[in-house]
Amino acid sequence: MAEVETSRDGAVLTITLNRPDVLNAFNSELHRGLAAALKEARDGGVRAVVITGAGRGFCVGQDLTEFREAPGDIGSRLRGNYHPNIRAIRALEKPVIAAVNGAAAGAGMSLACACDLRIAADSATFVPAFINIGLIPDSGGSYFVTRILGPARAFEWLASGRRLTAVEAHAWGLVSEVVQTDALPSRAAELAAQLADLPTRGVGMTKRLLDHAVTATLEEQLEREAQLQTAATQTEDFKEGVAAFLEKRPPRFRGA
Ligand code: T3D
């Protein structure tokens, strides 16, 4: 079995991290497989992506057995293995859903937070495990968690290493929805299919715009909106959206 599996259902690509015996901890093969899957996700026919884990874990970050001898050059590993996949998720101009089926710990928690939205099984847990072994948040964890939760709560959580239940994560706004564990795959597929039916280029530009908004001034953001709105009016889906409204019928967006 491959460390990462992909499957297509219409315009939805599902990426499954597949090292269930170690709750899908990262090793080199998993990084490589995820990179290949995220490349596959760039295909124009893919209009929504789901990332999930096989078995009872989502992803528990670095495989700690690789630290047994010595940590090695962690900085290089982060730059070479982790960062490209985090950047690839943010660069995808389509929605990426983390379907968190179980423990999301360390860099696995960062991976979930790099996605555009998170839905969780009621058995899922979120663990900023770094501090529990004397490390600091990496793989974008400090960046995304601060933006999702705000700096005060981010510090309280990331510095404590506390395990958060799915219900707590929902109350904090870390996940948008909690469903029964058995229902997670079908709910993720349903949500992804709904997102895939939207005007994908508009969704992609919205994603880019919101990423930019985090650090932009109002003037910069107004200008970015004007530029991307100009691009949005040039899409086929804009024409279709207006035509459907005027003809009083549901739109049929093609993602073009
Ligand atoms: O090297 C670099 O590039 C640096 C990058 C670092 C980034 C990081 O991600 S650092 C943080 C690494 N992750 C952790 O520290 C998490 C460690 N795991 C846990 O704290 C717990 O497993 C969980 C809280 C996540 C889940 O607990 P629980 O009780 O549900 O499961 P468990 O029994 O602890 O784990 C099940 C199995 O998975 C177990 O193996 P076994 O006993 O059945 O043979 C356990 O050892 C294994 N496992 C869990 N996490 C890891 C792991 N094996 C290797 N690496 C792991 N990270």
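D116 is partly exposed in this predicted model, because its relative accessibility of 25% falls between the 20% limit for buried and the 50% limit for exposed. Its side chain meets that of R90 in a salt bridge, with N and O 3.0 Å apart. The two residues come from distant parts of the chain: D116 sits in the loop between α3 (107-114) and β7, while R90 belongs to helix α2 (residues 74-91), 26 residues away. Salt bridges with shared partners join R90, D116, K207 and D211 into one network.

Let's follow another such link. E93 and R208 form a salt bridge at 2.7 Å, N to O. E93 lies in the loop between α2 and β5 (96-100) and R208 in helix α8 (residues 200-213), so this pair ties together parts that are 115 residues apart in sequence. By contrast, E190 and R187 share helix α7 (residues 184-196), three residues apart, or about one turn. Their closest N and O atoms are 2.7 Å apart. The salt bridges come to twelve.

Now turn to the sheet. Six strands make an open sheet in the order β1-β2-β3-β5-β7-β10, with mixed pairing. β1 (4-9) and β10 (177-179) stand at the edges with a single partner strand each, so one side of each has no neighbour in the sheet. Strand β7 (residues 117-121) runs parallel to β10 and is joined to it by three bridges; here A121 stands opposite V179. Helix α1 (residues 28-40) lies across β1, β2 (12-17) and β3 (48-53), at about 180° to β2.

Finally, look at the surface, where F238, V242, F245 and L246 make a nonpolar patch of about 440 Å². V242 is in helix α10 (residues 236-246).

How values were computed: Residues are numbered from 1 along each chain as its sequence is written. This is a predicted model: local features need pLDDT of at least 70, side-chain atom pairs count only at pLDDT 80 or more; totals for chains, interfaces and linings use all residues. Side-chain values use heavy atoms; hydrogens and water are left out. Patches are made of residues with over 30% relative accessible area and no salt bridge: like charges are joined within 9 Å, nonpolar side chains (Val, Leu, Ile, Met, Phe, Trp, Tyr) within 5 Å. Accessible areas come from the Shrake-Rupley method with a 1.4 Å probe; for residues, only the protein chains shown count as cover. A salt bridge is a side-chain nitrogen of Lys or Arg within 4 Å of a carboxyl oxygen of Asp or Glu. Helices (H or I, at least four residues) and strands (E, at least two) are DSSP runs, numbered from the N terminus. Two strands pair if DSSP finds at least two bridges between them. Contact means heavy atoms within 4.5 Å. Axes are lines fitted to C-alpha atoms, for helices over the stretch in contact, and angles run from 0 to 180 degrees between N-to-C directions. Buried means under 20% relative accessible area, exposed over 50%, partly exposed in between (1.4 Å probe, protein chains only).
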